[in-house]
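Please read the following report alongside the sequence and the coordinates. The account moves from confidence to covalent links, strands and ligand surroundings.

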Amino acid sequence: VDSRKYTGIVEDCCCDYETVDTVNKEVLHPLLKEIVATPFFRYFKVKLWCDCPFWPDDGMCRLRDCSVCECPANEFPEPFKKPSRHSLSSDDLICQEGKPQAIVDRTLDTKAFRGWVDIDNPWTKDDETDNDEMTYVNLQLNPERYTGYSGPSARRIWDAIYMENCPKYPSEEFCAERVLYKLISGLHSSISIHIAADYLLDEVTNLWGQNLELMYDRVLRYPERVRNLYFTFLFVLRAVTKAEDYLEQAEYDTGNPEEDLKTCSLMRQMLYNPKLQAACPLPFDEAKLWQGQSGPELKQQIQKQFRNISALMDCIGCEKCRLWGKLQVFGLGTALKILFSVDGHDKLDQPLQLQRNEVIALINLLNRLSESVQFVHEMGPVAENIIEAQ
Ligand code: FAD
């Protein structure tokens with residue numbers, strides 16, 4: 001980011017802006033880019049039905065760039081497939097929304113990922129064990145980018161998220177409710193940055209590219225939104241480092257030994273990275289979050305608010321936005337679950353347990369935030385120069 005504007009420690013965190021930019025550029029961003037492309041991390045299980053409990057009139061978006069391509073079976077890791085699955089024609093590679101042949105057998109994933117169990121995440125509204133309603137999506141085929149989704153439908157979702165769930169606390173005191181607001185605002189900044197980084201510049205020629213003015217208008221001109229992006233990035237990074245032992249020992253098996261070994265090795269390189277550990281050993285200090293607060297009640301309250309936010313994701317009238325909205329909210333819920341555990345244990349003193357989909361959401365969210373920080377760092381000053389010159 002612009003070093004004239006953003007100096008010192010990221011608010012409520014333990015690392016300064018410059019260090020975050022350097023460590024992200026040199027370590028995290030390149031590693032995460034490789035990690036999310038591996039077979040383990042690119043398939044996300046999600047319920048994509050538009051099942052909005054708040055505004056029943058909100059139909060599914062039919063905009064072209066909104067539809068999500070589900071996974072054709074030949075894209076899928078071997079152990080996920082039924083043994084008898086036939087090979088598919090090239091037709092199946094195009095967008096499959098609603099086509100029966102795109103339906104992937106979802107009952108085999110526990111076999112594919114030995115050692116992983118499906119458990120419900122109390123921070124989200126969806127029941128993650130409900131395999132019948134879930135589908136697999138190849139995230140690499142569905143990049144988060146401009147979709148054309150906007151107007152009152154999009155606006156009322158953001159409004160509901162901010163107004164009902166995270167009231168802005170004017171006081172400067174470090175309180176958990178404000179943390180929730182900052183996390184959502186940071187995520188919102190990141191979504192806007194991805195829209196600006198991959199924008200449909202010309203519909204006629206289908207030209208895609210960067211829209212730096214949009215990035216300036218929606219994010220850069222509000223320094224608080226940039227700060228919240230860095231805050232959210234460090235918060236999620238801390239969750240990942242707190243769960244490092246769990247993540248290091250986790251099973252990344254997709255039936256492709258070569259690729260799976262690479263996944264393990266990349267994860268280790270990220271989790272135990274000497275540069276990262278030296279530069280930013282404690283990205284965020286969650287112990288501060290609970291200081292002077294009644295822990296269990298606070299956790300319940302935030303959990304309730306967060307579940308409401310998760311429920312709102314079912315109202316997003318654009319399938320691809322819903323995919324990324326759900327993934328990232330699920331990832332944030334996973335980060336909260338980890339950071340609310342004490343010494344790697346939950347309140348019943350059970351060791352922290354994560355499900356495969358939680359790990360996939362957490363790491364893909366970290367990658368999105370890392371991309372946004374990198375984009376703001378690289379292109380932010382360019383965008384500001386363009387605006388100033390106008
Ligand atoms: P919006 O981004 O809709 O913002 C609404 C209001 O919120 C602003 O006027 C401002 O008051 C406030 N606000 C904005 N940013 C922040 C911030 N960082 N912190 C605090 N307050 C803020 N569109 C796509 O093209 N691709 C996507 O992948 C996509 N994913 C989405 C995911 C979700 C969960 C939602 C709810 C929407 C998504 N959208 C997506 C729509 C997109 O976010 C915008 O709503 C849309 O582009 C219209 O933007 P806007 O300029 O009206 O402002």
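The paragraphs below describe a predicted model, beginning with the confidence scores.

**Confidence.** The protein chain has a mean pLDDT of 78, with 71% of its residues reaching 70 or more, and the model as a whole scores ipTM 0.99 and pTM 0.85. Two stretches call for caution. Over residues 58-64 the pLDDT stays under 50, although the model has 19 contacts for this stretch beyond four places in sequence. Residues 168-174 likewise have a pLDDT below 50, and here the model shows 14 contacts beyond near neighbours in sequence.

**Disulfide and cysteines.** The structure holds 1 disulfide, in which Cys-15 is joined to Cys-280 with an S to S distance of 1.7 Å. The link between Cys-15 and Cys-280 is right-handed, with 90° about the S-S bond. It connects distant parts of the chain, since Cys-15 lies in the segment before helix H1 (17-35) and Cys-280 in the loop between helix H10 (274-279) and helix H11 (286-289), the two being 265 residues apart. Cys-15 and Cys-280 are both buried. Why does Cys-321 count as partly exposed? Cys-321 is given that class because its relative accessibility is 21%, whereas a buried residue would have to be under 20%.

**Strands.** Strand E1 (residues 43-46) and strand E2 run antiparallel and are joined by 4 bridges; Val-46, for instance, has Thr-135 in E2 as its bridge partner. In a regular strand, side chains alternate between the two faces of the sheet. Within strand E2 (residues 135-138), Thr-135 and Val-137 point one way, while Tyr-136 and Asn-138 point the other way, and all of these residues are buried.

**Ligand surroundings.** The ligand is surrounded by 23 residues, of which the closest are Arg-145, Thr-147, Ser-185, His-188 and Arg-218. Polar contacts with the ligand include those set out in the table, where the atom on the protein side is an N or O atom in each row.

| Residue | Part of residue | Ligand atom | Distance |
|---|---|---|---|
| Thr-147 | backbone | oxygen | 2.8 Å |
| Trp-158 | side chain | oxygen | 3.0 Å |
| Tyr-162 | side chain | nitrogen | 3.3 Å |

Thr-147 thus appears both among the closest residues to the ligand and in the table, where a backbone atom of Thr-147 lies 2.8 Å from a ligand oxygen atom. The side chains of Trp-158 and Tyr-162 supply the other contacts listed, the former to an oxygen atom of the ligand and the latter to a nitrogen atom.

Key
Residues are numbered from 1 along each chain as its sequence is written. This is a predicted model: local features need pLDDT of at least 70, side-chain atom pairs count only at pLDDT 80 or more; totals for chains, interfaces and linings use all residues. Side-chain values use heavy atoms; hydrogens and water are left out. pLDDT is the predictor's confidence in each residue, from 0 to 100. Contact means heavy atoms within 4.5 Å. A disulfide is a pair of cysteine sulfur atoms within 2.5 Å. Buried means under 20% relative accessible area, exposed over 50%, partly exposed in between (1.4 Å probe, protein chains only). Two strands pair if DSSP finds at least two bridges between them. A residue is near a molecule or strand if one of its heavy atoms lies within 4 Å of it. A polar contact is a pair of N or O atoms within 3.5 Å; within protein, one must be able to donate a hydrogen and the other to accept it, and residues adjacent in sequence count only if both atoms are side-chain atoms.
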